[in-house]
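Hi! Here is the structure I said I'd pass on to you. Have a quick look around first, then read on.

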Amino acid sequence: MSEKLLVPDIGEFEKVEVIELLVKVGDQINLNNPVVTIESDKSSVEIPSTVSGKIESIYVKVGDKISKGDLLLNIESSKNTPINKIIPKDTESIIKQAESVLKDEKKEDIIEQEPIETKKQTIIQVTNNNDIDPLETKDWLESLSAVVEKDGNQRAHFLIKELINKAYREGANIPYTQNTPYINTIPPEAEVKSNGDQNIERRIRSLIRWNAAAMVVRANKKFPELGGHIGTFASAATLYDVGMNHFWRAKNNKFGGDLVYFQGHSAPGMYARAFLEGRLNEKQLDRFRQEVEPGGLSSYPHPWLMPKFWQFPTVSMGLGSMLAIYQARYMKYLINRGLIKDEGRKVWAFLGDGEMDEPESLGAIGLAAREKLDNLIFVVNCNLQRLDGPVRGNGKIIQELEGSFRGAGWNVIKVIWGSYWDSLIANDKTGHLVKVMNDTVDGEYQAMKARNGAYVREKFFGKYPETQELVSSLSDKDIWRLNRGGHDPHKVYAAYDQASKNQGSPTVILAKTIKGYGMGKTGESVNTTHQTKKLDVDDLLYYRDRFDVPLTDEQVKNIEYFKPDEKSPEIKYIKEKRMRLGGFLPERTTYSKPIKAPAKDIFDFMKVSTGEKEMSTTMALVRMLTNLLRDKNVSPRLVPIIPDEARTFGMEGFFQKIGIYAHEGQKYEPEDSAQLSSYREEKSGQVLEEGINEAGAMSSWIAAATAYTNHDIEMIPIYIFYSMFGFQRIGDLAWAAGDSQARGFLIGATAGRTTLAGEGLQHQDGHSHLIASTIPNCVTYDPTFHYELAVIFREGLRRMHEKNENVFYYITTMNENYSHPEMPKDKKCEEGILKGMYKIKEFSKYKKTKIQLLGSGTILREMMEAAEILQNVYQIDSEIWSVTSFNELRKDGMEVERYNLLNPDKEQKISYVEQCLGKTEGPIMAVSDYMRMNSDQIRPYINKSFYSLGTDGFGRSDTRKNLRKFFEVDKEHLVAYGLSVLAKEQLIASKYAKEAIKKYNIDGSKPMPTKL
Ligand SMILES: Cc1ncc(C[n+]2csc(CCOP(=O)(O)OP(=O)(O)O)c2C)c(N)n1
Ligand SMILES: [Mg+2]
């Protein structure tokens, strides 16, 4: 049967140009195969076939303008291929949903038929959901009604609260309210017990504690400037040890490994454990924080500095939380797209309670619950202190965090009290103990642990006769021994066990600990704990005794490390535990296979002139990505990441083509379902549509850009953002990306101070390249023409994803439409584009006076027009250079200069800038749509007069023409400035410059744009 394929609804566009025919007569095509690509002035999109079959005839050609309903093709359709499949798919699911609602309604009918009088009937209907005993429910509700009637709402509320508290204490951990009482979530009788040898685990933990502290103290004895932290790990040792001995599975050839984000300041503890495991030696411990020579141990987790050890940079507070959440979500993305197996891997993140004040720490917890990330476990070490003092002196951080996480939909496990408290809580028949626990604020809890048992008896248990009585048979020493949950391996084990088994939501474990645990008077629970990096002999002796470390006084005085013999039960135990869990942690390994870069000609279409057709580089990028999605090696690995700006960038065509990732698929028929670019969410969707969330999008990008090591699969993330909301907004994450050795593309779209015209001061970017240049492994480009973009992008794919170089690319694209020329035939052009500059044009008619004109981004075009005026009106010759990257030129210049200075006796190298400009004639004038500092970067590497122009100052909204005039980078200013430069260099008379200034109405008395 012959079917007609018509142009579908393409939204608000009419007469859209056909730019590609993807099929020819006689081709056999399948349903949804793209047949033509169309392009408006903003975006390009492929039209898919709605039937399978053989193409009989084609009615359009490249260049035609088409609208909805126009005939595209005739297709001899294969049997039974339904036409217009896209729309019915959604409709079908709506019908299914409607049917299921009907079924539910029928069920309710049956309930209503029960012979119950009206008032009671209402009660039963309300409680009908999962009610296993409606009669019992009825009794309860009737009792409640009676209370309301007799004693009023207040009394009813009180009783409900008491019931909830009682249920909670019986183990019903279901969120009724924001907060539960200040006791452990898991009651003692529900605790799963560890099968570990507690004695040996305590001995191991003590040694790790000792060696961690010794490492910091030794380093600071030698070099007091080095710093370090003892108190953080001292409070968290049990939290880490239980995980290491029993829960965290390493990566090996059979399993992908759990991913653990260690709290940055607890790094000494990880080194101390690795020492016992035989992964680090004494010499290396003695190089803590001395990283300049190879082999030193980095201050905090930094994969860049210890690439075989650390996986995740966490020390900038708040980043660990976001990175872990998006890591867990990305893991699910890879699973749902069928790119990795679902092995039940977990992401664990350790965070400080003070760190939770960072907006980033709590900023993404809603997403974690929404996406049902049951592969994610947070452990917040609530030692009640941060750097200067208590986290919440007047409140309770655990309760506050419980409220936030419960509210967000997390599974919350509080580990507050250790086992010694169990019997006291069980005997608290009057509820006074829990009341004291609830009423005591963190400032008091902290102070108590800085004192002694007698103090606790008086200040805590002394609050009520009932609580005083509870501890009357305990000595002060016994009271002092009452431990906190986070230091009790049984409680921690039970919490980890429950967290690991939790399904359908992420889990947070709020573990109460003591900062500087075991450090005695100098460092335990005192406000100065965080800064303690020196312990005197008495402190060290106390520490040794507290943890029974088998060292003599002499050895303690020498601050010796302690490592038992290889054959000792401790070392055997620690290794055996790790071997059972698949290997050591942390450890960073990479087994991903490179992605073959696409054929060299894949972007050839971008090397020809666009003729009269005008387009922006942002559009060219979208065209390029559309093409890349046809490359079978590259396509599945592309991860387009967009924070709610797909339409701004003309990328809405991706919604249908590759779908938006949504872990629950699409439960609704989108409003625009009849349109070609309809909003399509899918479980296996490829696009990460992040909503208005740059930090989240960047975290996703980092997860994808490091998938090669964390999931052993090379991915190609492309995060496209409004350039001002990139590096400026999420600079710290970009820095962490560099540390993580991320590989992928960051695209600063709608870039430039004057190119994004109307948006104004907060939107117009004149400095992102400068911020990007601060990151050593970030390669940046500011291309003007589509072929430059193609060359740069392809080389990025080759370097990062085929050759596995640990760099990432930042490329700016712009939204100004103009026609793009053919790529110059000069063989050096491609090399120049990549190195940062190449000669794009030369005017040499008059051979009298010459100037070198350098332009970048969209302002290159102003410069080219200025050159034409200089030639035609003023008889000035010029060479015009397209500078694709001042940053790359600077890097080369620095390296060459350094070599030359360090090798004064050897043949001196010549920087690329000098190779290009050294032998040219005339002064240099450079311009970009960025601050002058951008072009100034190459000034030191050339021995010629150099003048730079740029868009320094606050942006503002206006037309491009007016903005360029305001910032003095339009062609008229460039002509005037060019003449002035030549006059200053005494190559022409100054009257020409003066006349031009007058001719172009340039007001020399106008203040500098930075002051306006
Ligand atoms: C973004 C950021 N700001 C400030 C710091 C400096 N800093 C290091 S540790 C610390 C206090 C940490 O307190 P907490 O999170 O409670 O961790 P603890 O050491 O108590 O476990 C601060 C402010 C940092 N590392 N990162
Ligand atoms: Mg803290």
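Let's start with Pro-586, which sits in the loop between α23 (569–580) and α24 (617–628). Helices (H or I, at least four residues) and strands (E, at least two) are DSSP runs, counted from the N terminus. The bond between Leu-585 and Pro-586 is a cis peptide bond, with omega at about -10°.

Some housekeeping. This is a predicted model, so local features need pLDDT of at least 70 and side-chain atom pairs count only at pLDDT 80 or more, while totals for chains, interfaces and linings use all residues. Residues are numbered from 1 along each chain as its sequence is written, chains are lettered from A and ligands numbered from 1 in the order in which they are written, and side-chain values use heavy atoms, with hydrogens and water left out.

**Glutamines to look up**

Gln-741 isn't a glycine, but it has a positive phi of about 60°. You'll find Gln-741 in the loop between α28 (727–739) and β19 (745–749). Gln-986 also has a positive phi of about 60° without being a glycine, and its loop runs between α37 (971–984) and α38 (990–999).

Are Gln-741 and Gln-986 buried or exposed? Gln-741 is buried, since its relative accessible area is 6% (buried means under 20%, exposed over 50%, partly exposed in between, with a 1.4 Å probe and protein chains only). Gln-986 comes out at 73%, so it counts as exposed.

Another residue to click on is His-801, which belongs to helix α30 (residues 786–802). Its relative accessibility is 1%, so it is buried.

**The ligands**

Which residues hold the magnesium ion (ligand 2)? Its protein donors are Asp-353 (OD), Asn-383 (OD1) and Gln-385 (O), 2.0 to 2.1 Å away from the ion. Donors are N, O and S atoms within 2.8 Å of the metal (3.2 Å for Na, K and Ca), and sites may look incomplete because water is not among the atoms. Along the sequence, the spacing of the donor residues reads D-x29-N-x1-Q. Asn-383 counts as buried because its relative accessible area is 5%, and Gln-385 is buried too, at 2%.

Asp-353 turns up again at ligand 1, where it is among the closest residues along with Thr-232, Gly-354, Glu-355 and Lys-515. Altogether 18 residues surround ligand 1, each with a heavy atom within 4 Å of it.

**Pockets**

Both terms you need next come from a 1 Å grid over the protein atoms alone: a cavity is a set of points where a 1.4 Å probe fits but cannot get out, a pocket is an open set with protein on both sides within 12 Å along at least five of seven lines, and lining residues have an atom within 4 Å of a point. Points are joined across faces, edges and corners, and a volume is the space filled by probe spheres set on them.

The largest pocket offers about 870 Å³ of space. Its lining has 35 residues, and nearest the centre are Asn-165, Arg-169, Pro-181, Ile-183 and Val-434. At least two lining residues come from each of α4 (153–169), α13 (422–426) and α14 (432–439), with α4 giving the most, eight residues.

How many residues line the second largest pocket? There are 25, with Arg-202, Tyr-420, Arg-481, Asn-483 and Tyr-517 nearest its centre. This pocket has about 740 Å³ of space. Here α5 (198–222), α18 (476–481) and α19 (489–501) each supply at least two residues, and α5 gives the most, with six.

**Cavities**

The structure has eight cavities of 30 Å³ or more. The largest cavity holds about 120 Å³ of space, and its lining includes Trp-417, Trp-421, Tyr-445, Phe-460, Trp-480 and Asn-483. So Asn-483 has a part in this lining and also lies by the centre of the second largest pocket. Both α15 (442–449) and α18 supply at least two residues to the lining of the largest cavity, and α15 gives the most, with three.

The second largest cavity has a volume of about 80 Å³. Among its lining residues are Tyr-261, Phe-312, Gln-327, Ile-702 and Ser-740. The elements giving two or more residues to that lining are α9 (319–336) and α26 (694–705), and α26 contributes the most, three residues.

Happy clicking!
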